[in-house]
Each structure stands twice: as C-alpha cells, then as structure tokens.
Amino acid sequence: MDKVLPFSLFTDHDVYLFREGKHFRLYDKFGAHTIEHDGVKGSYFAVWAPNAEEVSVIGTFNNWNSESHKLLPRWDGSGIWEGFIAHIAWGNLYKYAIRSNRDVLLEKGDPFALAWEQNVQAASVVSTTWFDWKDREWMRKRKKNNSLKSPISVYEMHLASWMRGTTDPERFFSYREIAERLVPYLKEMNFTHVEFMPLMEYPYDPSWGYQVTGFYAATSRFGSPQDLMFLIDELHRHEIGVILDWVPSHFPGDANGLHYFDGTYLYEHEDPRKGFHPEWKSHIFNYGRPEVRSFLISNAMFWLDRYHADGLRVDAVTSMLHLDYARNEGEWEPNAEGGNVNLEALKFLQDFNTAVYKGFPDVMTIAEESSDFPMLTKPVHDGGVGFGMKWMMGWMHDTLKYFKEDPLFRKYEHNKITFSSMYVYNENYMMPLSHDEVVHGKSSLIYKMPGDEWQKFANLRALYTYMYTHPGAKLLFMGGEFGQTGEWNFTRSLDWHLLEHSVHKGLQEYVKELNRLYRTETSLYENQFDRSGFEWVEANDDNNSVFVYLRKGSAENDMTMIVLNLTPRVFDYKIGVDEGTNWEVILNSDDKTFGGSGVLPEILDEEDDEWMYRPNSLVLRLPPLAGVVLKQKK
C-alpha cells in the first residue's frame with residue numbers, strides 16, 4: 001500500500017503569516033490538493049492540529065484504517081501535519097483520524113475540504129474549484145453595480161425552500177435547476193442582487209445553514225461546487241449580483257466539525273464565558289488566536305475569489321462584538337478596559353474588512369448588527385469597523401410596529417416613521433425585511449397588517465412604497481414580494497399557487513414596479529447614503545397620518561416627492577412646493593393594476609400661496625392606505 005511521502009506546499013513565509021494571523025489564502029495550502037509528485041499523481045494533505053499526538057488520513061482507499069497513512073508533523077512547531085499520498089484523486093472520500101494527547105481517537109472532516117458528504121458520517125471529498133467562468137463582463141462592471149451610488153435591491157432567499165421539485169415536494173432542486181427558474185424570475189422582478197442564506201456545508205436542516213461544519217465547502221444538498229458556480233455565473237451573466245451569508249460568529253459541536261478539533265479547544269475559547277454561545281448552544285471562535293483569524297479571513301477571501309461572490313453579509317455581528325450578549329451578570333468577563341466589547345472580535349472584524357476591500361475593492365461587506373455599536377460602516381483608518389453597510393434593524397422594528405397598528409391609532413405612533421431620518425446617515429444602511437421577521441410565531445408580512453384582506457394588501461403596498469423611497473439599500477425576503485400568507489417554513493416550498501389570486505399577483509406586480517422605479521429614478525439612489533438626498537416636506541401631521549418627503553439626485557432638478565396616506569380615507573391634501581416646480585404622478589400603490597381600489601391621485605389645484613414653509617402649493621387627492629410618488633418635470 002502507498003505510504004505518506006514527505007511533501008509541502010508551505011513556504012517558511014506561509015507559516016510565518018499563518019502564525020501571525022495574516023495569511024489570507026490558506027485554501028491554497030491546507031486541505032486536499034491533487035498534484036503530481038515525482039511523476040506520480042495523487043493528493044497532498046495538510047491540516048492544523050498542534051496538540052495532536054498523531055494524525056492520519058483515513059478513507060475509502062484504506063478502509064478507514066487510522067494506522068495506514070500517518071501524516072508527518074512539520075519541524076517548525078507550527079502544528080501543521082502534511083504529506084503526499086499517491087493515487088488519491090477527485091471523488092475520493094476521506095477524513096482525518098486525530099489521536100489527541102489524551103490518547104482519544106477523533107475522526108474529523110477536513111476544515112478546508114471543498115466538498116462534504118450529506119450523511120451521518122459526513123466524510124470530506126477530494127474535489128476542485130476549477131470552473132470555466134463566463135462572467136467577465138459582470139466582473140468588469142461590478143464596481144459600478146456594487147457602488148453605494150447605485151440601486152441595491154436584494155432578494156433574500158433560502159435555497160431549499162424557495163421552490164421544490166414540481167412532482168415531488170420533498171425533492172430539492174439542484175443548483176442548476178434553480179438557475180433555470182431563479183435567473184428569469186429575478187430579472188422579471190427587477191432585483192439587482194440576490195442574497196443566499198448560508199450555502200457552506202451544514203449538517204442540520206433546522207439551522208437554516210447557520211451552523212456550519214464545512215466552511216470551504218458548498219453544501220452538496222444541491223450539487224457540486226461547479227453546480228453552485230454555474231448558478232452564480234448565470235446570475236452574473238444576467239447582471240444580478242450575488243451576496244452570500246457568512247457565519248464567522250460560531251460553529252456547532254458536531255463531532256465531524258471544528259469543535260475540540262485536535263482534542264483541545266483549538267478553534268474556540270476554552271473559557272465557556274467566551275467560547276460557548278448560550279442562546280444557540282454553539283461554540284464561539286477564539287478571535288485572539290492568530291491561526292483562527294487566518295482561517296476565517298482566508299475563508300471570506302475564498303468565497304470572493306473562487307466563487308466570484310459580490311458581497312458577504314456577516315451574520316450575528318452583535319453577538320461577536322459584545323461579551324455580554326445573551327449572558328446574565330456573572331456569566332461574562334469584562335475586557336481589559338473593563339467594558340463589554342470583545343476587543344479581539346473587533347480587531348478581527350477590522351482586519352477582515354481591511355483584507356476584503358484591499359483584495360476585492362469592488363465587493364460589499366454587510367453587517368447584521370442590531371445594537372448601536374459606533375462607526376460600524378466607517379473606514380478602519382478612521383477608527384471604524386470598516387463594513388460597507390449594516391442592516392437598519394431599528395428602522396425595521398419601528399416600521400413594523402407602526403404598520404401593525406390600526407390606522408385609527410397610528411397618530412399615536414407617528415414618530416415611528418419619522419425617527420429614522422434622525423440617524424439614517426450615521427451609517428450606510430440596508431433596510432431589511434428579512435427571514436427573521438416571518439418565523440417563530442411572528443406571522444408573515446401580509447398578516448402583520450391590520451384590517452380585512454383589502455386593507456392588509458393596501459397597507460403592505462404602502463409599506464413597500466415607504467421602504468423603496470427611504471434612503472438606503474433594500475432587502476426583501478422571498479415570498480414577501482407576493483404576500484406569502486403562511487410563516488416561512490424551511491421544510492417546504494413557498495406557496496406559489498397564491499399567484500392565482502389577483503391580490504397576490506397585484507402585489508407581485510407592485511414590487512416589480514417599485515424595483516423598476518428604484519433602478520431608473522436616479523433621485524432614489526444617487527444620494528441614498530448622503531444627507532443631501534432627503535428632505536422632509538411634512539413630518540408632523542400625525543392627526544392625518546400623512547407623510548411628505550423629497551428624494552434628490554445629483555442634478556439640480558432631479559427630484560421625486562413621496563406622499564404617504566396611512567389611513568383608509570380618501571381626501572384632498574394641500575402640499576407645499578417650491579416656486580417653479582412642476583409635478584406629475586408616476587406611481588400610485590392604489591392603482592387597480594396592483595390590486596388597489598383605483599382612486600386616482602390627481603393634482604386638483606396649484607396655488608401661489610405659501611404652505612408648509614414653501615412659497616407655492618398644490619392640492620393632491622390622496623388614495624386610501626396608499627403611497628404616491630411624484631416626479632418633478634424637467
């Protein structure tokens with residue numbers, strides 16, 4: 001039987017950078033790599049297990065025998081075990097048999113494996129990320145498409161439950177089958193980007209992908225690495241950007257995964273006050289260990305490099321930054337300065353953003369962060385954390401609280417709508433109506449709305465009008481675009497049959513039109529992260545629950561006016577306008593095309609008298625529970 005031969009892909013400089021936490025392409029070195037050594041084809045294996053007594057490669061080729069192919073420890077004390085084994089090619093199954101310093105034999109998946117099996121054993125698969133990409137034109141234009149001065153409208157989706165097999169509702173579509181259906185759908189709906197909930201390999205379906213074991217492996221539920229690349233390539237070729245959910249915050253205690261990897265707390269903190277997540281029953285990365293930082297930042301770079309991802313949405317940033325997150329008094333330890341900020345995690349996130357934007361300046365990093373942690377989207381060199389954007393969780397909570405109210409009582413919650421304008425430019429915000437808002441008894445978006453069926457749909461169209469005309473990028477979870485009635489259920493497809501009903505079809509048409517408007521009206525996106533892009537006309541009419549504001553582009557006369565009537569009555573409303581402006585209605589959420597009642601928002605009168613601190617005025621008929629968008633004529 002072929003034995004392990006000495007071989008290494010590591011240079012001394014590689015090892016130095018790895019141990020300093022500054023090697024960001026570890027996927028070129030660690031894992032299984034098919035090579036030719038001394039004229040013989042086989043695979044080189046390398047794994048980090050510094051506290052192990054012995055490491056061997058086990059697999060189908062040696063009947064899973066831990067005595068057959070023992071890797072060789074490097075002489076430099078790096079903790080890296082490596083070696084070449086002949087005749088192991090793509091498709092071979094393998095794991096690492098790691099004998100701990102307490103003489104316990106562990107069987108672990110390869111942390112750098114490019115593919116994993118989907119079964120209890122969860123063996124790693126010798127694989128490749130070679131792919132014949134055809135998205136050169138997208139990559140050339142990506143900087144503009146991902147710019148903060150471009151429209152960013154994101155469709156968030158869970159691949160396993162967006163759409164299931166047409167003849168077998170239990171069957172997952174493959175990446176390629178999804179491409180056939182998803183690409184034309186996103187094009188038709190006018191979304192600019194899609195965000196996939198985690199596609200890194202995970203063992204437990206109810207985790208939705210947020211309990212990752214194979215950080216470098218595309219989940220094999222839907223096919224091979226190349227199948228996922230095909231899906232991304234097709235999206236790019238049709239000018240749709242791809243954002244991947246990335247989870248550097250924690251990992252499960254799965255026996256095949258990173259937990260207790262070499263018989264010690266290697267990737268996680270040993271101290272449970274830092275290393276165990278009480279809310280998710282998972283393990284927290286040790287951000288103070290340089291090799292762990294190299295592992296994680298290399299992982300981010302891997303998905304941007306090998307899979308051409310256009311952005312990473314970083315999950316659970318709040319839990320990373322706060323030592324007391326989900327912990328009671330006495331269950332956490334203050335930092336060296338006596339505070340609750342995890343200084344090691346903060347430094348890691350700064351290093352991550354610095355590395356990503358240096359290596360891929362045309363991508364985006366997005367933080368899911370629900371606290372008011374300062375300067376999250378400010379540059380690292382100015383003392384910020386360095387993210388491109390963060391989710392605007394406060395806007396989401398306030399907006400849903402307002403729209404849940406009976407219109408009769410909305411006047412008492414008026415400031416829930418106006419408050420976001422006080423802080424919207426403190427960070428670069430993305431407004432999320434995400435999966436988190438339609439699970440665990442929170443109900444679907446349409447059933448959060450009060451009133452009868454007509455009022456529910458009218459309210460949701462008005463909410464979407466407010467969302468799409470508010471400063472910032474947009475994110476909508478799948479199903480929200482057509483009024484999915486049930487809560488999201490990860491075990492089955494969305495209820496696409498609802499589109500047989502006119503109210504659901506009308507809502508879908510309205511989201512399509514909002515996306516089109518957002519992409520074509522420069523006033524809605526050019527200054528979406530700049531104070532010059534927004535101005536209140538009427539923010540204080542709580543008695544009528546009416547809001548009027550302007551969105552402004554870079555050109556002097558590039559302007560839209562948005563009027564929200566968030567009560568079910570029809571009435572004529574006087575609005576102050578600037579002298580010399582000339583307005584026309586370009587969108588009405590109450591249009592019959594969208595399932596509305598068909599009240600026309602006519603401009604009934606234009607006057608010279610001062611109103612709302614402006615020199616002129618106009619009178620607009622307001623449809624019920626509706627958003628109206630007007631454009632200044634050139």
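This report describes selected strands, a helix and several single residues of a predicted model.

## Strand β5 and its partners

Strand β5, made up of residues 80–86, has 7 of its 7 residues buried, so it is largely enclosed by the rest of the structure. In a regular strand the side chains alternate between the two faces of the sheet. In β5 both faces are covered, with I80, E82, F84 and A86 buried on one side and W81, G83 and I85 buried on the other.

Strand β2 (residues 40–48) pairs with β5 in the antiparallel sense over 7 bridges, and within this pairing V47 stands opposite W81. Strand β4 (residues 72–73) also runs antiparallel to β5, to which it is joined by 2 bridges, and here P73 is the residue that stands opposite W81. Thus W81 of β5 faces V47 and also P73. The hairpin of β4 and β5 has 6 residues between the strands, and in this hairpin G77 takes a positive phi near 75°.

## Strand β14 between β11 and β17

Strand β14 is likewise buried in 6 of its 6 residues, so it is largely enclosed by the rest of the structure. G241, I243 and D245 point one way from this strand, whereas V242, L244 and W246 point the other way, and all are buried.

The pairings of β14 are parallel: 4 bridges join it to strand β11 (residues 193–196), and 4 bridges join it to β17. On the β11 side, V194 has V242 as its bridge partner, while on the β17 side I243 stands opposite G311.

## Helix α9

Helix α9 runs over residues 343–359, and because its 17 residues at 1.5 Å a residue should span 24 Å, the 24 Å between its end C-alpha atoms agrees with that expectation. At the start of the helix, a side-chain oxygen of N342 comes to within 3.2 Å of the backbone nitrogen of E344.

The buried residues of α9 are A345, L346, F348, L349, Q350, F352, N353, A355 and V356. An α-helix has 3.6 residues a turn, so residues three or four places apart point the same way. The elements that cover the buried residues of α9 include the strands β14 (241–246), β17 (311–314) and β18 (364–367), together with the helices α7 (290–305) and α8 (317–321). Strand β14, described above, is therefore both largely enclosed and part of what covers this helix.

## N335 in the loop before α9

N335 lies in the loop between α8 and α9, and because its relative accessibility is 14%, under the 20% limit, it counts as buried. The side chain of N335 reaches the backbone oxygen of V341 at 2.8 Å. When residues up to four places away in sequence are not counted, N335 touches L323, N340, V341 and L343, so that V341 appears both in this list of contacts and as the partner in the polar contact.

## Aromatic rings and charges

The count of aromatic pairs comes to 53. One of them joins F302 and W303 in an edge-to-face arrangement, with 5.2 Å from centre to centre and 85° between the planes, and both of these residues are buried.

Arginine side chains are also placed over aromatic rings. The charged end of R221 sits over the ring of Y202, at 3.6 Å from its centre, and R313 lies over the face of W391, at 4.3 Å from the ring centre.

## Two buried leucines in later strands

L587 is placed in strand β26 (residues 583–588) and, with a relative accessibility of 4%, counts as buried. Apart from residues up to four places away in sequence, L587 touches Y510, E513, L514, L517, F594, G627, V628 and V629. The C-alpha atoms of L587 and A326 are separated by 44 Å, the two residues being 261 residues apart along the chain.

L622 is found in strand β28 (residues 616–622) and is buried, with a relative accessible area of 1%. Leaving aside neighbours within four places in sequence, L622 is in contact with V546, V563, N565, R569, V570, F571 and Y573. From C-alpha to C-alpha, L622 and D227 are 50 Å apart in space, and in sequence they are 395 residues apart.

Key. Residues numbered from 1 in each chain as written. Predicted model: local features only at pLDDT ≥ 70, side-chain atom pairs only at ≥ 80, totals over all residues. Heavy atoms only, no water. Expected span 1.5 Å × (residues − 1). Buried < 20%, exposed > 50% of the residue type's maximum accessible area, 1.4 Å probe, protein only. Contact = heavy atoms within 4.5 Å. Polar contact = N/O pair within 3.5 Å; in protein donor to acceptor, adjacent residues only side chain to side chain. Pairing = 2+ DSSP bridges. Phe/Tyr/Trp six-rings, centres within 6.5 Å; stacked < 30°, edge-to-face > 60°. Lys NZ or Arg CZ within 6 Å of the ring centre and 35° of its normal.
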